[in-house]
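Okay, my turn. Let me put the model up and we'll walk through a sheet and then the pockets.

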Amino acid sequence: MKVTEIAVSSYRNLHKQRVALGNELNIFTGDNAQGKTNLVESVYLCCIGKSPRTDKDKDLICWGQDKAFVRVKYQCRFGDGEITITLNAGAKKQITVNSVPITKIGELMGYLNCIYFSPNEIKIISQSPAERRRFLDIDLCQTDKNYFYSLTRFNKALQQRNNLLKTAKTVEELRDTVFVWDKQIAEEGARVIAKRRTFCDKLKVYAKQSHATLTDNKEQLHMEYVTQIKGDSVADIAENYLKLLQSNLEKDFQLRHTSVGCQRDDIALTINGTDVRSFGSQGQLRTTALSLKLAELQIFKNIIGEYPVLILDDVLSELDIDRQRRLLNFDSDLQILLTTATEINHDLASNNCKFFTISQGVCSEKT
């Protein structure tokens, strides 16, 4: 999968422009706050419909403007494609895929696949379980639309159950109304758990290999999906899930929220048997995060038949020269969009690399 052209207008600080990309490594240099991250972020926006840096669409519109526009043209194994997003101040964003309007974000998933890696991605390892669940959910939503819809239905049912827990006067009153939501939570949650577990089982194999390569076999990375709900099949998980919800109803009534379920699941990560989340050094946290990203590339290729686009936002400074070289020459079939505030060592780049410079919101190709 390759992005062939990015067109933007009034997106953050970016001026109206079109940028034609190369098939392999694309390097964007420039001082800080010139628009490098904004340009590659616009590609990710067309991938999942939202920014990795903010939940508010209005933050993506240039100050003083009432709308912003992004168009990404791409090639995949099925042919050429085009995604456009128009962001409107005070109104819902408009999305089209190959000139056809879509009304639900779920309809966007799977057309343009991207993996985004920035220094902030270390939070996947170091911060709360919510970050690791988000990591799984983004990948699974891109590769499996059914997962996206199961997760959406689960979240809606969970919100309804929590609303009941907040407003019910007694447990007895709650028992009469909560069962319909418990049943839906158990059914959809079981699908979510089963798919997350299967994805993690595949991911951990590649993550272990990537981590061994990055550390010259000095460290062994192990990851495991952790959930309260047991079961070998979706049906078993759903049955156990429903029982757990019912047995915890009085506790949940006291807490006024649902205390059990896949909204509390996590990924356990260890290096040489030690919990990297609690005891890993900054270097180990960065390397673990990178190992997961490289593993994602392999998973995507296995599932969809081609690599996603890899977006590397200001990460080279976090890596030594050997790891930079391995990353930038991962595979000639992989397209990389790389931003950096410093000049890159040209010996690290392939012959098919394209260089760009960004200044005051304008991107220019270096010749």
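So, which residue in strand 10 is the bridge partner of Val226? That's Asp266. Before I go on: this is a predicted model, so local features need pLDDT of at least 70 and side-chain atom pairs pLDDT 80 or more, while totals for chains, interfaces and linings use all residues. Numbering starts from 1 along each chain as its sequence is written, and side-chain values use heavy atoms, without hydrogens or water.

Back to the sheet. It's open, with three strands in the order 9-10-11, paired antiparallel (pairing takes at least two DSSP bridges; strands are E runs of at least two residues, helices H or I runs of at least four, numbered from the N terminus). Strand 9 (221–226) and strand 11 (274–275) are the edges, each with a single partner strand, so one side of each has no neighbour in the sheet. Between strand 9 and strand 10 (residues 266–271) there are six bridges.

Now pockets, meaning open sets of points on a 1 Å grid over the protein atoms alone, where a 1.4 Å probe fits, with protein on both sides within 12 Å along at least five of seven lines; lining residues have an atom within 4 Å of a point. The largest has about 520 Å³ of space, the volume filled by probe spheres on points joined across faces, edges and corners. Its lining has 20 residues, with Arg134, Asp137, Cys141, Leu151 and Asn155 nearest the centre. Helix 4 gives the largest share, seven residues.

The second largest pocket holds about 260 Å³. Arg134 turns up here too, among the residues nearest its centre, and helix 3 contributes the most lining, six residues.
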